Amino acid sequence: RDLPEQLDGFKIVQFSDLHIGNWGDYTRVMRKAVELIDDCRADMVVFTGDFVNNFSSEITPEIVDIFASMDMPRYGKYAVLGNHELWDLDHPESSPGRRIDDIIDDYRRAMPHGVYLLENELLIDYKDRNSVILSERMILDASVEELVEVCSNSSFVLLGGIGYSGLNPLFNAETMLYLSTVSREEDMVRTRRFRAVYDKVLECAKDRRVIVLTHTPMANWSDDSYNPGWVYVSGHDHRNNLLLHSDGTAVFSDNQVGYEPRRWHLNSFSLDVKKYDLFKDFPNGVHQITREQYAEFNR
């Protein structure tokens, strides 16, 4: 599925739930993935979790090297973990009491150069020239006014995290979704944490174009409606789904590979980047501006 390219847009390639432990030859699968990604000539690549079950045996140096060999898209490569990454089966320190943050840190350290792992974090592409990542603490501690200003000067905004499954009555930590790593209580706490970050971004960037990148679909972590104009990308349930709403909302969970080895491909979508307007808050009239403002506006 390639949506029509848009004049001021960029192409995002996404895929999810590869479960390479079910494919036998991990390195062959990853080489194929990188080959497909490079052929797509994407501006951004996003992964939405459930690539592996076993950190030690499946995240090998060779796989890291294969990912590192991937062409660097203009807007980078970003990933969120899934519930399977939290199974943590083969880690030498694995135990029912091992902290989720320790597991996430292990994956952060293993990520090849140019792949950024997001967990309750906000990527802001600043005026299409550089990017910054705001942590969960920074987002929640910032005032609404500060975050509004940062988001208003951005080309696009991406919020990433697992999301968790606290609001799912059937498939949650009680049904061993995370094996013994996450209790039902912690599932609820982590769900509320992601929801708090999401709500803060919603308050500050409601009318901006925001990409919400999670492993679990929105209904697992929020009982709210999709925000008009936002793009929601997820995986997890192996039920491929595509929703394009008339209000501009897009929901992409339609490239989940699943457990069974089969022929597969990459999906992509084109996003029209909303160019920030340096003077949008100026009242109608004639204003004195600087040379730098004039150059910035034309850029």
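## Salt-bridge network

Arg99, Asp101, Asp102, Glu186 and Arg190 are joined to one another in a network of salt bridges. The model is a predicted one. In total, the structure holds twelve salt bridges.

One of the pairs is Asp101 with Arg190, where the closest N and O atoms are 3.2 Å apart. Asp101 belongs to helix H4 (residues 100-110) and Arg190 to helix H7 (residues 184-205), so this salt bridge ties together parts that lie 89 residues apart in sequence. Asp101 is partly exposed, at a relative accessible area of 26%, while Arg190 is buried, at 7%.

## Other salt bridges

Glu121 and Arg108 also meet through their side chains in a salt bridge, with an N to O distance of 3.3 Å. Glu121 sits in strand E5 (residues 121-126) and Arg108 in helix H4, so the pair links parts that are 13 residues apart in sequence. Glu121 is buried, with a relative accessible area of 13%; Arg108 counts as partly exposed, at 32%.

A further salt bridge joins Asp141 to Arg137, and here the closest N and O atoms are 3.2 Å apart. Both residues are in helix H5 (residues 136-141), four residues apart, which means that about one helical turn separates them. Asp141 is exposed, with a relative accessible area of 55%.

## Cysteines

The structure holds zero disulfides. A disulfide is a covalent bond between the sulfur atoms of two cysteines. For Cys151, the closest cysteine sulfur is that of Cys204, at 6.4 Å, which is too far for a bond. Seen from the other side, the closest cysteine sulfur to Cys204 is in Cys151, at the 6.4 Å already given. The cut-off for a disulfide is 2.5 Å between the sulfur atoms, so the Cys151 and Cys204 sulfurs, 6.4 Å apart, do not form one.

Both cysteines count as buried: Cys151 has a relative accessibility of 1%, and Cys204 has 7%.

## A nonpolar surface patch

On the surface, Phe282, Ile289 and Tyr294 form a nonpolar patch. Together these residues have about 280 Å² of accessible area.

Tyr294 is part of helix H8 (residues 291-298). Tyr294 is exposed, its relative accessible area being 53%. Exposed here stands for a relative accessible area over 50%, so the 53% of Tyr294 falls in that class.

Note on methods: Residues numbered from 1 in each chain as written. Predicted model: local features only at pLDDT ≥ 70, side-chain atom pairs only at ≥ 80, totals over all residues. Heavy atoms only, no water. Patch = residues over 30% accessible without salt bridge, like charges linked within 9 Å, V, L, I, M, F, W, Y side chains within 5 Å. Areas by Shrake-Rupley, 256 points an atom, 1.4 Å probe, with all protein chains shown as cover. Salt bridge = Lys/Arg side-chain N within 4 Å of Asp/Glu carboxyl O. Helix = DSSP H or I, 4+ residues; strand = E, 2+ residues; numbered from the N terminus. Buried < 20%, exposed > 50% of the residue type's maximum accessible area, 1.4 Å probe, protein only.
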